[in-house]
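I opened the notebook today to look up how the strands of this protein are arranged, where its pocket lies and which charged side chains pair.

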Amino acid sequence: MKFPAFLTLASVLFISACTSTPQDNTDVHQYRCESGEVITASYPDNDSASIEYKDRRYDMQIAISGSGVRYVGGEREWWTKGTGPGAEGTLFQHRADGATGQRIERCREH
């Protein structure tokens, strides 16, 4: 049985689409802090964040919060409230017992 040319082409395109690498959909935001520092926050999915602060990267996982969104990892805690320009982001020390420690930076998205 002979297949029409358009079916062969459609099959090749379908198989190519299935084997291609998915595009990077990481959501990236920049926050200017009261100290003048800039924090770049990347959100590759709903459960994780990667924070770049003073030439260091902290990979974090989502954690329970009373309000806003809280991420914890690498002895740091990143807590955000709101979205878009003017949204707040605060970087804290994260204690070994799981509690929020001293505030390091208070920032706003720009």
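The entries below go from the strands to the pocket and then to the salt bridges.

**Before starting.** I noted that this is a predicted model, in which local features need pLDDT of at least 70 and side-chain atom pairs count only at pLDDT 80 or more, while totals for chains, interfaces and linings use all residues. Residues are numbered from 1 along each chain as its sequence is written, and side-chain values use heavy atoms, with hydrogens and water left out.

**Entry 1, the barrel.** I looked up the strands (DSSP runs of E, at least two residues, numbered from the N terminus) and found that 8 of them close into a barrel in the order β1-β2-β3-β4-β5-β6-β7-β8, with antiparallel pairing. Two strands count as paired if DSSP finds at least two bridges between them. Strand β1 (residues 27-33) is joined to strand β8 (residues 100-109) by 3 bridges, and Cys33 stands opposite Cys107 in β8. On β7 (residues 88-94), which pairs with β8 over 6 bridges, I found Gly89 opposite Cys107. β7 and β8 form a hairpin with 5 residues between them, and Gly98 in the turn has a positive phi of about 95°.

**Entry 2, the largest pocket.** I took a pocket to be an open set of points on a 1 Å grid over the protein atoms alone, where a 1.4 Å probe fits and protein lies on both sides within 12 Å along at least five of seven lines; lining residues have an atom within 4 Å of a point. The largest one holds about 200 Å³ of space, the volume being that filled by probe spheres set on the points. Its lining includes Asp27, His29, Tyr31 and Glu109, and β1 gives the most to it, with 3 residues.

**Entry 3, the salt bridges.** I searched the whole structure for a side-chain nitrogen of Lys or Arg within 4 Å of a carboxyl oxygen of Asp or Glu, and there are 3 salt bridges. Asp59 pairs with Arg57, their closest N and O atoms being 2.9 Å apart, and both residues are exposed (over 50% relative accessible area; buried is under 20%, partly exposed in between, with a 1.4 Å probe and protein chains only). Glu77 and Arg70 also meet at 2.9 Å, N to O; Glu77 counts as buried at 0%, and Arg70 is buried at 10%. Glu88 and Arg108 meet at 3.6 Å, N to O. This pair links distant parts of the chain, with Glu88 in strand β7 and Arg108 in strand β8, 20 residues apart. Glu88 is partly exposed at 35%, and Arg108 is partly exposed at 44%.

Terms used
Helices (H or I, at least four residues) and strands (E, at least two) are DSSP runs, numbered from the N terminus.
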